[in-house]
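Dear colleague,

I am handing over the structure we spoke about, with the sequence alongside it. Please open it first, and then read the notes underneath with the model in view.

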Amino acid sequence: QVQLAESGGGLVQAGGSLRLSCAASGRTFNSYTMGWFRQAPGNEREFVGSIIWSAGSTYYAESVKGRFTISRDNAKNTVYLQMNSLKPEDTAVYYCAARSITSPVYRYWGQGTQVTVSS
């Protein structure tokens, strides 16, 4: 059974940094793409970025490009979202998700972690 567990959220001042972790278990993820999404109150869930596990290739939404970095640790089966220069508009629940590289649909989701950026 695939499980994704996010951690690392919290309260930070604008301009600060946080690192979110997504611990993945239940299978090997070499043929998967891991994504980060976020959802603010009253807003639709939006794509933040993703990483192809095997290649390490990353993709980012324009709103976070240059500020956020996604990486993975194969030994720990964990994906990270390093968030720098945080802005109040980054406040949201952040979710980790996984999809097969052959599918456009993210099948597995974590429970989410709250990130709050104060001005």
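What follows is an account of the core, one residue that borders it, the aromatic rings and two loop residues.

Please keep in mind throughout that this is a predicted model.

The core is a good place to begin. The largest nonpolar core has 31 residues, and those that touch the most other members are Leu-4, Phe-29, Met-34, Trp-36, Leu-81, Met-83 and Tyr-94. Several strands give two or more residues to this core, among them β3 (18-25), β4 (32-39), β5 (46-52) and β7 (68-73), and also β8 (78-83), β9 (92-100) and β11.

Tyr-94 deserves a closer look. Leaving aside its neighbours within four places in sequence, Tyr-94 is in contact with residues from many stretches of the chain, including Glu-6, Leu-20, Phe-37, Arg-38, Val-48 and Phe-68. Its contacts also include Leu-81 and Met-83, which are themselves listed with Tyr-94 as core members that touch the most others, and further along the chain Gly-112, Thr-113 and Val-115.

Thr-113 can be taken up from there. This residue lies in strand β11, which covers residues 113-118, and Thr-113 counts as buried because its relative accessibility is 12%, under the 20% cut-off. With residues up to four places away in sequence not counted, Thr-113 touches Glu-6, Ser-7, Gly-8 and Gly-9, as well as Leu-20, Ala-92, Val-93 and Tyr-94. For Gly-9 there is a further detail, in that its backbone nitrogen lies 3.2 Å from a polar atom of the Thr-113 side chain.

Next come the aromatic rings. The structure holds seven aromatic pairs, and I describe two here. Tyr-32 and Tyr-108 form a tilted pair, with 6.3 Å from centre to centre and 35° between the planes. This pair links distant parts of the chain, since Tyr-32 belongs to strand β4 and Tyr-108 to strand β10 (residues 108-109), 76 residues apart. Both partners are buried, Tyr-32 with a relative accessible area of 7% and Tyr-108 with one of 18%.

The second pair, Phe-37 with Phe-47, is edge-to-face, with centres 5.7 Å apart and 75° between the planes. Here the link runs from Phe-37 in strand β4 to Phe-47 in strand β5, 10 residues apart. Phe-37 counts as buried at 10% relative accessibility, whereas Phe-47, with a relative accessible area of 32%, is partly exposed.

Ring pairs also build a cluster, in which Phe-29, Tyr-32, Trp-53 and Tyr-108 are linked. Phe-29 of this cluster is also among the core residues that touch the most other members.

Two further rings have an arginine over them. Arg-19 lies over the face of Tyr-80, at 4.1 Å from the ring centre, and the charged end of Arg-45 sits over the ring of Trp-109, 3.9 Å from its centre.

Finally, two residues in loops are worth checking in the backbone. Asn-77, in the loop between β7 and β8, has a phi near 50°, a positive value in a residue other than glycine. Ser-85, in the loop between β8 and β9, likewise has a positive phi, of about 50°, although it is not a glycine. With a relative accessible area of 41%, Ser-85 is partly exposed.

With kind regards

Notes:
Residues are numbered from 1 along each chain as its sequence is written. This is a predicted model: local features need pLDDT of at least 70, side-chain atom pairs count only at pLDDT 80 or more; totals for chains, interfaces and linings use all residues. Side-chain values use heavy atoms; hydrogens and water are left out. Helices (H or I, at least four residues) and strands (E, at least two) are DSSP runs, numbered from the N terminus. Buried means under 20% relative accessible area, exposed over 50%, partly exposed in between (1.4 Å probe, protein chains only). A polar contact is a pair of N or O atoms within 3.5 Å; within protein, one must be able to donate a hydrogen and the other to accept it, and residues adjacent in sequence count only if both atoms are side-chain atoms. Contact means heavy atoms within 4.5 Å. A nonpolar core is a set of buried Ala, Val, Leu, Ile, Met, Phe, Trp, Tyr and Cys residues joined through side-chain atoms within 4.5 Å. Rings of Phe, Tyr and Trp (its six-membered ring) pair if their centres lie within 6.5 Å; planes under 30 degrees apart count as stacked, over 60 as edge-to-face and the rest as tilted. A charge sits over a ring if NZ of Lys or CZ of Arg is within 6 Å of the ring centre and within 35 degrees of the ring normal.
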